2 protein chains.
Amino acid sequence: MSNSISLVALRLFVRVAATGSFAGAARQQGLPASSVSRHIAALEKALGQRLLYRHTRAVRLTEVGERYYQQVREILDTLDIASEQAAGTASQPQGLLRINAPVAFGRRHIAPRLASFQARYPRIETELTLSDAFIDPVQEGVDVVVRVGALNDSSLVARRLAEQHFVVCAAPDYLAQWGIPATPESLVEHNCLIYKGTRGVQQWYFRSEGARRYQVREVRGNLRSNNAESLLEAALQGQGIVLFPTWLIHAELKAGRLIPVLSDWEASGEPAPQGIHAIFPENRLRSSKVAAFLEDLQATIGEPPYWDA
Amino acid sequence: MSNSISLVALRLFVRVAATGSFAGAARQQGLPASSVSRHIAALEKALGQRLLYRHTRAVRLTEVGERYYQQVREILDTLDIASEQAAGTASQPQGLLRINAPVAFGRRHIAPRLASFQARYPRIETELTLSDAFIDPVQEGVDVVVRVGALNDSSLVARRLAEQHFVVCAAPDYLAQWGIPATPESLVEHNCLIYKGTRGVQQWYFRSEGARRYQVREVRGNLRSNNAESLLEAALQGQGIVLFPTWLIHAELKAGRLIPVLSDWEASGEPAPQGIHAIFPENRLRSSKVAAFLEDLQATIGEPPYWDA
DNA sequence: AGGTGAATTGCATTATGAGCAACTCGATCT
DNA sequence: AGATCGAGTTGCTCATAATGCAATTCACCT
């Protein structure tokens, strides 16, 4: 019985259970869905037990399937770690490293680093996926997820990469034409380009040097967007004032295309300070490729991060 | 890399590492040695690392192989347990149960039980190997080993099945012809059939009712053997007096073909009391088929064991 | 009601593993 | 010291199993 179980079947089962879909698992592993179906069927036959309820639309784990899934996931992880350690002895980290990051942050701060990272670890292949929706690394089968802001899931391990700082700024043209605001309160007189995401319109928070709590200040303007890059573009063209994290606009600030204003206040897009974190399933922490990536990333970002220096 | 690893390869690797031999692993798994060779080669290729030193006569684990072996063994065990639990939910214990026992004890007290045990658990297949040499359950890939006497290896878990009691006895014919010895000391006047194993000639120990320590008493006779059955046969034919554990001769005692003597003393073949134990690798304890077997065995043996009742 | 995406099944092709035999190489035996 | 035996590897053929594609069924969405 247990001799007729194959590793691929177990891997596929874990993927199916995590994604809740045969097709999803098939895509992730680059196999036709029919193979997935047959492997799972073979596994169930070997165990003599149904692991998944097929509901045609969605796939749900059986009670025994749920237990088995938890155990097999753990087993496969430790097997992979063991194999990696065995393979990696006296050699470099290797294998496929799947990274997921927010679009803007990934393009600016992850993607440019990958070349030198891979030059340093030539045996690591990387697969960079950028998406702004929250990604469950377990569900997607991803090694590392970089997220900005809130952390909720406690079954994951997070490592802080940097603090996020916001600045209010505008193009020199805009400031020349409309003047430089002297206080946060005076922003109501200006055209502010406001981010409007899934959580609604972003508030602008301020606190004076040394103050503990942030205060919301009213802002308004003629352009709102759920796409930060569009707002940035508009700001560069002198359309208005923007509030952005420094990692997003440090190049523009440095080049002088955007000028910080209200430097006597600390600005923020959130009521509380937010960090930039790498999160990953607990087991992946012991993976040398993940460790190498995090170490490399943290070293290049630096403390304080290079975009704030 | 880790995707190209197969479960059979891992299983074979564990068996090879445990037995220290490709051929041995091949025999245990019922595969040609060539397959074993190729699977191990494939595993090493997948890891990019040599796991075993081939020394033509013996096979030794590499340093990385040693670590990998320990980890993979653990992993496969937990996988098997998980699979068994999944398979066994709402059903009976199943699978192959490999038992090893001493020849005499196995024939008398294990083999006769297997029929009813397997009737009770029809989905368990058993494989009973009888051998008197000490067997390492890990090395031999056995689920349960029954041993009489000394326990040494601490990496194994043991469960006491029964205490071992010895009796001195002889055939009625012998006693009629030569008389009944009144004291242990008078045994020197008798023809004692003595077991001579790998640890030399077996001593005969006695202590009177309530005494703490056993005392050796001199015995001699015209037949010594390393085969208990031969001595038993000779005793049944009236050749002499024997010292045997009760589990070995309870049928003959009950039938009156052997008559106990010196009943006022406790006899023993060992300087200290010895038990009958089931031993097994730690992980197997959680296996339901092992648990079922031990429970069944212990229930039928009883307390005190049926051969002493 | 029709369309879509997901899972299963049938079938032809391909690839992978089993089994057998031949070969090499040490170690042990005589 | 030479012969023999056992152990591991390699080449080869054959059977089994996995793959990929197409067809089918079914629930759900529009």
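Reader: Which residues come closest to DNA strand D, and how many surround this strand?

Author: This is a predicted model, in which local features need pLDDT of at least 70 and side-chain atom pairs count only at pLDDT 80 or more, while totals for chains, interfaces and linings use all residues. Residues are numbered from 1 along each chain as its sequence is written, chains are lettered from A, and side-chain values use heavy atoms, with hydrogens and water left out. Taking a residue as near when one of its heavy atoms lies within 4 Å of the strand, the closest to DNA strand D are A:Pro32, A:Arg38, B:Ala23, B:Ser37 and B:Arg54, and the number surrounding this strand is 17.

Reader: Which helix supplies the largest share of the surface near DNA strand D?

Author: Helices are DSSP runs of H or I with at least four residues, strands are runs of E with at least two, and both are numbered from the N terminus. At least two residues each come from helix 3 (33-47) of chain A, helix 2 (22-29) of chain B and helix 3 (33-47) of chain B. The largest share, 4 residues, is that of helix 3 of chain A.

Reader: What lies 2.6 Å from a polar side-chain atom of A:Arg38?

Author: Polar contacts are pairs of N or O atoms within 3.5 Å; within protein, one atom must be able to donate a hydrogen and the other to accept it, and residues adjacent in sequence count only if both atoms are side-chain atoms. On DNA strand D, phosphate oxygens lie 3.0 Å from a polar side-chain atom of A:His39 and 2.7 Å from a backbone N or O atom of B:Ala23. For A:Arg38, the partner at 2.6 Å is a base oxygen of DNA strand D.

Reader: Of the atoms of DNA strand C within 4 Å of the protein, what percentage belongs to sugar or phosphate?

Author: Around DNA strand C there are 18 residues, of which A:Ala23, A:Ser37, A:Arg54, B:Pro32 and B:Arg38 come nearest. A polar backbone atom of A:Ala23 is 2.6 Å from a phosphate oxygen of this strand, whereas an N or O atom in the side chain of B:Arg38 is 2.7 Å from a base oxygen. Among the atoms of DNA strand C within 4 Å of the protein, bases make up the rest once sugar or phosphate is counted at 65%.

Reader: How many charged residues does the surface near DNA strand C have?

Author: The classes take Ala, Val, Leu, Ile, Met, Phe, Trp, Tyr, Cys and Pro as nonpolar, Asp, Glu, Lys and Arg as charged, and the others, Gly among them, as polar. Helix 3 of chain B gives the most to this surface, with 4 residues. By class, the surface near DNA strand C has 5 nonpolar residues, 8 polar residues and, as charged residues, 5.

Reader: Is A:Gln94 buried or exposed?

Author: A:Gln94 lies in the loop between helix 4 and strand 3 (95-101) of chain A, and its side chain makes a polar contact of 3.4 Å with the side chain of A:Arg123. Relative accessible area under 20% is called buried, over 50% exposed, and in between partly exposed, with a 1.4 Å probe and protein chains only. Because its relative accessibility is 12%, A:Gln94 counts as buried.

Reader: What percentage of the residues of chain A count as buried?

Author: Chain A has 10 helices and 16 strands, and its C-alpha atoms fill a box of roughly 80 × 50 × 35 Å along the principal axes. Of its 309 residues, the share that counts as buried is 47%.
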